[in-house]
Amino acid sequence: MLEMRGIKKFYRTEQIQTRALAGLDLSIDEGEFVAVTGPSGSGKTTFLNIAGLLETFDEGRYLLDGEDITHLGDNARSVIRNRKIGFIFQSFNLIPDLDLFDNVDVPLRYRGLSASDRRQRIESALERVGLASRIRHLPSQLSGGQQQRVAIARALAGEPRFLLADEPTGNLDSKMAEQVMDLLQEINQAGTTIVMVTHDPGLAARAGKNIRLLDGLIEDQQIVIDKAVLAS
Amino acid sequence: MEFGPVIRALRHHKTGTLLAALQIAVSLAIIVNASFIIKQRADKISRPTGMDTDNIIVVSIRGVGENYDTVANITADLNLLRNLPGVVDAAPINQVPLSGSGSSTGLRTIADENVQAISTARYQTDEHSMNTLGVNLIRGRNFYPEEIEPFIPGKTERKTPAVIVVTQALADSLYPDDDALGKPVYWGDMSSSTIVGIIDHMQGSWVSWDGLDRNMIHPGIQADTFVRYIIRTEPGERDRLLPIIEERLTERNRQRVLRYIRTHEELIQRSYELDRVMARVLLIIISLLIAITALVIVGLASYFVSQRTRQIGTRRALGATRADIIRYFLLENWLITTLGAVAGCVLTVLVAYWLETSFELPRLDWRYPVAGVVVLWIISQAAAWVPAWRAAQIPPAIATRNV
Ligand SMILES: Nc1ncnc2c1ncn2[C@@H]1O[C@H](COP(=O)(O)OP(=O)(O)OP(=O)(O)O)[C@@H](O)[C@H]1O
Ligand SMILES: [Mg+2]
């Protein structure tokens, strides 16, 4: 469902040009849970930004869901982000002035859904992350883990095919991180493709597939074999 | 659009929102009332005068010396003026309409001191005056030459004129239910004159007096050492003739001083000087307030944009197009402006009521606040456009940048 061929990305500042991605080849199938690891500066976020259509790339070809998005304009990219992709950010990125309901509502409004449809999606998404009772609370009234669950609800409410997470547990303690990871796994099992950047080898091991980036290239790719399968 | 969340988000920025709204409210109240006052002044200045003011020249002369013959000099002056090529007509007159200086009197229709007199400006002049002023005699007759008698202060008795000509406005005040033509009027000493002619419209001496349209012309020449002449020229000849008239009058008899020679237009402009200054000051205030309002809006919107950089990037990541971002900030701005405008309308009416009761201004025309709100909407949307556009340029990748 996601296919990248020879993706290159350069960041040009006045003095230097950084090669963030050096010709990445990658394909991810529907329903996979991929963990992307690698040292700092190896291009993980860059890869995720490109995969999520937040940034353009300089060379290569990118097919998402069979659609070539290489030359799409800004508005078309916005629409794809809105309909097909859900984002989960390291620092949650909830809108501090809006309560949980309105936060989850943000992408739904851009999609132009009816009020009743939106309400139903918001309630069931918050239900799913266990925060239905806090629907009129502000993000600042929640713990970090709860905030990240709201962000997940926001990503889920649009029923995306594809969930992108950049270090979703990076700002959480290990217990909360486990909870978030449980939730992501549950979502993946329900059929959503997930790509997650993480520094935590333990969490990465829980994903179905690991991709290790180094200097903008895939250094290593491995399918994590389910321990249960191994044991049998 | 997303009214609900925009309003709910604004509730977390009460101070900035309310201050901006307050600024808009105060601006609206001042701008609307000031515009209304300017309109009043402009209307006042542009009222029809009833006279051919564009082609009239006014001269004031003072004769000097013991044996200065006032009557002979006036006769000679008028003779000279009326025969100048380009001059339509000329007349002596005790006061000049719209000059700010005049004489007034009270007239009654019943010879009874207990009856309230109608005040009117009065102009003593000859049978050439109506043609010179360019007023329109709609009924009755002009004075006959034999009705014009010189009055020499200190030498001849002041006599009540047998006939007078009045403006329609004065006729209507004197005889509201009757035809004034041919009717008597009584002066302060209860002597009487007969109305023999009616002028449709002519403005008097004092532009701020509510009796400006009530005027009377009575026959006679004030043969003082001070005299005033009004001279009407052919259209377009005024400015060419002005220095010529000055020169000829000076040359004709050097035993006197030409106090001034001016266009009627200039005298009228002086009479309205205060109104003009007032209008100009108010216009400056309005311009400043509009500029300040625009700056406040640019400032607040820019502040909101810079404060929400990450939020904007996140919205973009979640599917907002650039147009959605622009729309958000324009809508937010519109809400603040409208909040201010609603409060401003209340304030506008209060200020208008105060002006109406304290300064006898007419009641505010409802179209002024409506126009004011529309203007503020346009200005504020235009002012918010630049920060909104800048917000739309924030890249969605901001969302994944960790700070
Ligand atoms: N906006 C940018 N401008 C310039 N250089 C950038 C920009 N974003 C990333 N880079 C550079 O591109 C390279 C890859 O960065 P990227 O953020 O993808 O790394 P990362 O693997 O996510 O690192 P980390 O684990 O620290 O988040 C780095 O050298 C980084 O400095
Ligand atoms: Mg990163």
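## Exercises on a two-chain model

In this predicted model, a salt bridge joins the side chains of B:Arg322 and A:Asp74, at 3.8 Å from N to O. Let's start from there.

### Exercise 1: the contact between the chains

Work out how many salt bridges and polar contacts link chain A and chain B, and which elements of chain A take part.

*Solution.*
- Step 1. Check the pair you just met: a salt bridge needs a side-chain nitrogen of Lys or Arg within 4 Å of a carboxyl oxygen of Asp or Glu, and B:Arg322 with A:Asp74 comes in at 3.8 Å.
- Step 2. Count the salt bridges: there are 3 between chain A and chain B.
- Step 3. Now the polar contacts: 14 residue pairs between the two chains, both residues at pLDDT 80 or more.
- Step 4. Look at chain A's side: the elements giving two or more residues to it are helix H1 (44–51), helix H2 (74–84) and helix H3 (100–111).

### Exercise 2: sizing up the interface

Find how many residues each chain brings to the contact, and how much area is buried between them.

*Solution.*
- Step 1. Count residues: chain A brings 27 and chain B brings 25.
- Step 2. Pick a yardstick: interface size is often given as the accessible area lost when the parts come together.
- Step 3. Apply that yardstick: about 2400 Å² is buried between chain A and chain B, with 53% of this from carbon and sulfur atoms.
- Step 4. Ask who loses the most in chain A: that's A:Asp97, A:Arg109 and A:Tyr110, together 27% of what that side buries.

### Exercise 3: a nonpolar patch on chain B

Identify the helices behind the nonpolar surface patch of chain B, and place B:Leu347 among them.

*Solution.*
- Step 1. Size the patch: its residues, including B:Leu19, B:Val281 and B:Leu347, have about 800 Å² of accessible area together.
- Step 2. Find the elements that give two or more residues: helix H2 (14–45), helix H8 (273–307) and helix H10 (322–359) of chain B.
- Step 3. Spot the top contributor: H2(B), with 4 residues.
- Step 4. Place B:Leu347: this residue sits in helix H10 of chain B.
- Step 5. Classify B:Leu347: its relative accessible area is 31%, so it is partly exposed.

### Exercise 4: A:Ile218 and its surroundings

Is A:Ile218 buried, partly exposed or exposed, and which residues does it touch?

*Solution.*
- Step 1. Locate A:Ile218: it belongs to strand S10 (residues 217–223) of chain A.
- Step 2. Classify A:Ile218: with a relative accessible area of 25%, it counts as partly exposed, since buried would mean under 20%.
- Step 3. List contacts, leaving out residues up to four places away in sequence: A:Ile218 touches A:Leu24, A:Asp25, A:Leu26, A:Ile211, A:Arg212 and A:Leu213.

How values were computed
Residues are numbered from 1 along each chain as its sequence is written. Chains are lettered from A and ligands numbered from 1 in the order in which they are written. This is a predicted model: local features need pLDDT of at least 70, side-chain atom pairs count only at pLDDT 80 or more; totals for chains, interfaces and linings use all residues. Side-chain values use heavy atoms; hydrogens and water are left out. Patches are made of residues with over 30% relative accessible area and no salt bridge: like charges are joined within 9 Å, nonpolar side chains (Val, Leu, Ile, Met, Phe, Trp, Tyr) within 5 Å. Accessible areas come from the Shrake-Rupley method with a 1.4 Å probe; for residues, only the protein chains shown count as cover. Buried means under 20% relative accessible area, exposed over 50%, partly exposed in between (1.4 Å probe, protein chains only). Contact means heavy atoms within 4.5 Å. Buried area is the accessible area (1.4 Å probe) that two parts lose on being put together, summed over both. A polar contact is a pair of N or O atoms within 3.5 Å; within protein, one must be able to donate a hydrogen and the other to accept it, and residues adjacent in sequence count only if both atoms are side-chain atoms.
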